[in-house]
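Let's take a walk through this structure together. Keep the viewer open as you read, and follow along from one element to the next.

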Amino acid sequence: MIDSGIEQLRSMKFMVAQEYKFELKNDLSELKALNQHLNNWAEDINLPAISISRINICLDELFTNIVSYGFEDDLEHIIKFTLNADDNLLTINIEDDGIPFNPLEKIDPDFPDNVKSAIIGGLGIHIIKKLMDNVHYERKLGNKLTMKKNIQDKGGRRDSN
Amino acid sequence: MEILEEIQDNISIYRLKGRLDSNTSQKLEEKLFQAISDGSKRMIVDFKDLNYISSDGIRVILIAAKAIKREEGQIMFCCMRDYVKEVFEIAGLGSLLPVVAAMDDALKVF
């Protein structure tokens, strides 16, 4: 009876997802805090440095876009982050209460017709789509961006390249 | 991010230290564009101590490279760490930009 209990506990370790939530103000100065939170979470789940950097660049880009283009007033808004590690799967949600805005479709407003700048503007998005397995935007009461990344071999090696 | 400047053989060398992201990219942009408008035609950006670059940083690198080319100058990028190099490659810029492994390789070009 004790043995089956221990087995259950052991298997629960992989069933309980580890979730890290935090909030940032819509201000680019919060990028530092963003990095700090990401590092905290990464430490909790033993994420290697290269994965942290990859996720960091995606969050940087999305946060910057949301802050820059997602709000039409001068008020302070809260942007909510949920970082989830469930076995091999990392899921990251970013939610805000701004205007309907998909940060994946950002076009540089200064140069909407300038092809060269459009390429530069889309660079960050391109990088995100390459680094993440899956990125999805939806609009309900607010904006919600979800990114997923599967990291190999949680038991042993993990995304070490 | 710190930017250390030195001039060697008429080449402006910028050594970056720390993180190049939305917060710090403007500083680099101003520095490089100031140099370009002052007539600098030979530049090297040393990435050895840069441990992070975001797409805003890449943006600045890209526009600086285009700007100096327009002025018929040359800029070289060297000493990138693996992560930084990877980001450039994902961005499809690995072969488009003059990136070399070591400072010596960059100096040789001039």
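A good place to drop in is the largest nonpolar core: it has 63 residues, and B:Phe47 and B:Val87 are the ones that touch the most other members. The largest share of this core comes from helix α3 (residues 49-69) of chain A, which puts in eight residues. Bear in mind that this is a predicted model.

Stay with B:Phe47 for a moment. Leaving aside residues up to four places away in sequence, B:Phe47 touches B:Leu16, B:Phe77, B:Cys78, B:Cys79, B:Met80, B:Arg81 and B:Val84. Now look at the strand β3(B), residues 42-53. Is β3(B) enclosed or open? Nine of its 12 residues are buried, so β3(B) is largely enclosed by the rest of the structure.

What does β3(B) pair with on either side? With β2(B), there are eight bridges, and the two strands run parallel; you can pick up the register at B:Ile13, whose bridge partner in β3(B) is B:Ile44. To get from β2(B) to β3(B), the chain passes through helix α1 (residues 25-37) of chain B, and this β-α-β crossover is right-handed. With β4(B), β3(B) pairs over five bridges, again in the parallel sense. Here B:Met43 is a handy marker, with B:Ile75 as its bridge partner in β4(B). The β-α-β unit made by β3(B), α2(B) and β4(B) is right-handed too.

Zoom out to the whole sheet of chain B. It is open, has five strands in the order β1-β2-β3-β4-β5, and its pairing is mixed. At the edges stand β1 (2-8) and β5 (99-100) of chain B; each has a single partner strand, so one side of each is left without a neighbour in the sheet. The antiparallel part shows up where β1(B) meets β2 (residues 11-20) of chain B, joined by seven bridges. In that pair, B:Glu2 has B:Lys17 of β2(B) as its bridge partner. Helix α2 (residues 55-70) of chain B packs on this sheet, where it touches β2, β3 and β4 of chain B, and its direction makes about 150° with that of β4(B).

Now for the place where the chains meet. The contact takes 14 residues from chain B and 16 from chain A. On the chain B side, the elements that give two or more residues are α2 and α3 (82-90) of chain B. That same α2(B) you just saw packing on the sheet gives the most to this side, with five residues. Sorted by class, the side of chain B that touches chain A has seven nonpolar, four polar and three charged residues.

Cross over to chain A. It holds four helices and five strands, and from the N terminus on they run α-β-α-α-β-β-α-β-β. Of its 161 residues, 28% count as buried. Among contacts in chain A with a separation of 6 or more, 65% are between residues 24 or more positions apart.

The sheet of chain A is open as well, with five strands in the order β1-β2-β3-β5-β4 and antiparallel pairing. Its edges are β1 and β4 (134-139) of chain A, each with a single partner strand, so one side of each is left without a neighbour in the sheet. On average, and ignoring direction, neighbouring strands of this sheet are turned by 15° against each other.

Finish on strand β2 (residues 78-86) of chain A. Which residues make up its covered face? They are A:Ile79, A:Phe81, A:Leu83 and A:Ala85, while A:Ile78, A:Lys80, A:Thr82, A:Asn84 and A:Asp86 form the uncovered one. That pattern fits a general rule: in a regular strand the side chains alternate between the two faces of the sheet. On one side, eight bridges join β2(A) to the antiparallel β1 (residues 18-25) of chain A, with A:Glu19 opposite A:Asn84. On β3 (residues 89-96) of chain A, antiparallel again and joined to β2(A) by seven bridges, A:Asn84 stands opposite A:Thr91 and A:Phe81 opposite A:Ile94. The hairpin of β2(A) and β3(A) has two residues between the strands, and A:Asp87 takes a positive phi near 60° there. Helix α2 (residues 31-45) of chain A lies across β1 and β2 of chain A, running at about 175° to β1(A).

Technical notes
Residues are numbered from 1 along each chain as its sequence is written. Chains are lettered from A and ligands numbered from 1 in the order in which they are written. This is a predicted model: local features need pLDDT of at least 70, side-chain atom pairs count only at pLDDT 80 or more; totals for chains, interfaces and linings use all residues. Two strands pair if DSSP finds at least two bridges between them. Two residues are in contact if their C-beta atoms, placed from the backbone, lie within 7 Å. Axes are lines fitted to C-alpha atoms, for helices over the stretch in contact, and angles run from 0 to 180 degrees between N-to-C directions. Ala, Val, Leu, Ile, Met, Phe, Trp, Tyr, Cys and Pro count as nonpolar, Asp, Glu, Lys and Arg as charged, and the others, Gly among them, as polar. A nonpolar core is a set of buried Ala, Val, Leu, Ile, Met, Phe, Trp, Tyr and Cys residues joined through C-beta atoms within 7 Å. A residue is buried if 20 or more other C-beta atoms lie within 10 Å of its own, exposed if 12 or fewer, and partly exposed in between; C-beta atoms are placed from the backbone. A crossover is right-handed if, with the strands pointing away from the viewer, the path from the first strand over the helix to the second runs clockwise.
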